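Student: I would like to learn how to read the features of a model like this one. Where should we start?

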Number of protein chains: 2
Amino acid sequence: MARPAPQTHGEILAAAAKRFAVTGYRGTSLQDIASEVGCSKAAVLYHFANKEAILTELMAPAIEVLRALDERIAAQPEPASAQRVAAEGFVDLAVRFRGEIALLRGEFPELLQQPDFAHIQQISERLLAALAGRSERASARIAAFVLLAGIAETCGEFSDVADEELRDALLALLRRALAPVH
Amino acid sequence: MARPAPQTHGEILAAAAKRFAVTGYRGTSLQDIASEVGCSKAAVLYHFANKEAILTELMAPAIEVLRALDERIAAQPEPASAQRVAAEGFVDLAVRFRGEIALLRGEFPELLQQPDFAHIQQISERLLAALAGRSERASARIAAFVLLAGIAETCGEFSDVADEELRDALLALLRRALAPVH
DNA sequence: AGCATGCCTGACCGATCGGTCAGGAGCTGA
DNA sequence: TCAGCTCCTGACCGATCGGTCAGGCATGCT
């Protein structure tokens, strides 16, 4: 019809991001996305192999940064430095990609099961270990888990707070809350 | 058939709890629950008006405790005491009902939209305000949100940790992490 | 014996889901 | 002019969802 050019791919991506942010991944149907774009559901599936492929492409930049952070953490020989790198890197990532993280709207557990995101679970585990100061103590791991999950849930809210202010608040919280490495 | 007595109501509740804990509320169908019990889907809907009624009954005790906590917090005239009551009360609730909270598996946002749980959103807001020391500063509210959401997400994990140990770890974390009231 | 009631079943309903498919419109190069 | 390609459509598919309904089978009261 009136669709002039093949920028549709990008439009679908943008529409999907918009809808996912409101109703979550599972709560958004291909028809919802198609309606938002103004095309047919079949057109959406012409540009993307399936629904999961849309999410994968949407999250790709954030996942790449997460992967890089994982490498930087792994390169730290000392627990204390690994904890610092993990804290600063994760806060930075959470703030920068807070829009993308918000898309998941608490669907982390299910989404992580999907084959495309399988390796993220392992990265999360290493991130948790680093934040816990590579300690096996339950209290350290519990605190790290609370902060990790809490920050992931939080960054989507507070969209009215500037990046800078959000990052400072989260970093200050982490510095107060993380058990010091001993 | 061989179903002897009307303890089916309780069996359905138990089966639903078991399944919700694994696949979440939305990820569990009435047929799943019926199969777990060993009855028909129609039998499930004979005992419960609809799917949501199962969840409502499952969460009722936890919600009642939450409501009582809300009242106790509201009765505190000073921000400092309200913060203390909120922190201790919420940790206690999270640990006691960690099984129930785990059922929700990150489906809080959607579930809170449902009419049966509408008032919980307001209670959560007051809980957040109390933890933030009734401060309007963004940093205080951000920290409170991270801790609230993080604890809710956490208590379902660490099922191998004893109640006592989990509560102590969470309380110690809150004491470190909460911005002091000034 | 007859009847009501509680508990439960299988068959069925409309809606919605992700995904497929044949084909059409419009452009491009031979 | 016509073949071929990209982009897209509407019709359709099987599966699954929550929920309904008429009826069946015990049990217990009259």
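Tutor: Start with the contacts to the DNA backbone, bearing in mind that this is a predicted model. An N or O atom in the side chain of T8(B) is 2.7 Å from a phosphate oxygen of DNA strand C.

Student: Which polar backbone atom is 3.0 Å from a phosphate oxygen of DNA strand C?

Tutor: That atom belongs to L30(A). For S29(A), an N or O atom in the side chain is 3.5 Å from a phosphate oxygen of the strand.

Student: Which residues come nearest to DNA strand C?

Tutor: There are 17 residues around the strand, and the nearest are K41(A), K51(A), T8(B), S40(B) and H47(B). Of the atoms of DNA strand C that come within 4 Å of the protein, 53% belong to sugar and phosphate.

Student: How do the residues of the surface near DNA strand C divide into nonpolar, polar and charged?

Tutor: Eight are nonpolar, six polar and three charged. Helix α3 (41-47) of chain A and α3 (41-47) of chain B each supply at least two residues of this surface. The most comes from α3(B), with four residues.

Student: How do I read a salt bridge?

Tutor: Side chains of opposite charge can pair when their charged atoms come close. Over all chains the count comes to 16 salt bridges. In one of them, R96(A) pairs with D92(A), with the closest N and O atoms 3.8 Å apart. Both residues lie in helix α5 (residues 79-96) of chain A, four residues apart, which is about one turn of the helix. D92(A) is partly exposed, at 29% relative accessibility.

Student: Where do R67(B) and E71(B) lie?

Tutor: Both are in helix α4 (residues 51-74) of chain B, again four residues apart. Their side chains meet in a salt bridge of 2.7 Å, N to O. R67(B) is partly exposed, with a relative accessible area of 32%.

Student: What are the closest N and O atoms of D70(B) and R126(B) apart?

Tutor: They are 2.6 Å apart, in a salt bridge. D70(B) lies in helix α4 of chain B and R126(B) in helix α8 (residues 118-131) of chain B, so the pair ties together parts 56 residues apart in sequence. D70(B) is buried, with a relative accessible area of 10%, while R126(B) is partly exposed at 41%. Elsewhere, salt bridges that share partners join E64(A), R67(A) and E71(A) into one network.

Student: Is E52(A) buried or exposed?

Tutor: E52(A) is buried, yet has no salt bridge. The nearest side chain of opposite charge, K51(A), is 10 Å away. E52(A) sits in helix α4 (residues 51-74) of chain A. Apart from neighbours within four places in sequence, its contacts are Y25(A), Q114(A), P115(A) and D116(A).

How values were computed. Residues numbered from 1 in each chain as written. Chains lettered and ligands numbered in written order. Predicted model: local features only at pLDDT ≥ 70, side-chain atom pairs only at ≥ 80, totals over all residues. Heavy atoms only, no water. Near = heavy atom within 4 Å. Polar contact = N/O pair within 3.5 Å; in protein donor to acceptor, adjacent residues only side chain to side chain. Nonpolar A, V, L, I, M, F, W, Y, C, P; charged D, E, K, R; others polar. Buried < 20%, exposed > 50% of the residue type's maximum accessible area, 1.4 Å probe, protein only. Lys, Arg positive; Asp, Glu negative; His and termini not counted. Salt bridge = Lys/Arg side-chain N within 4 Å of Asp/Glu carboxyl O. Contact = heavy atoms within 4.5 Å.
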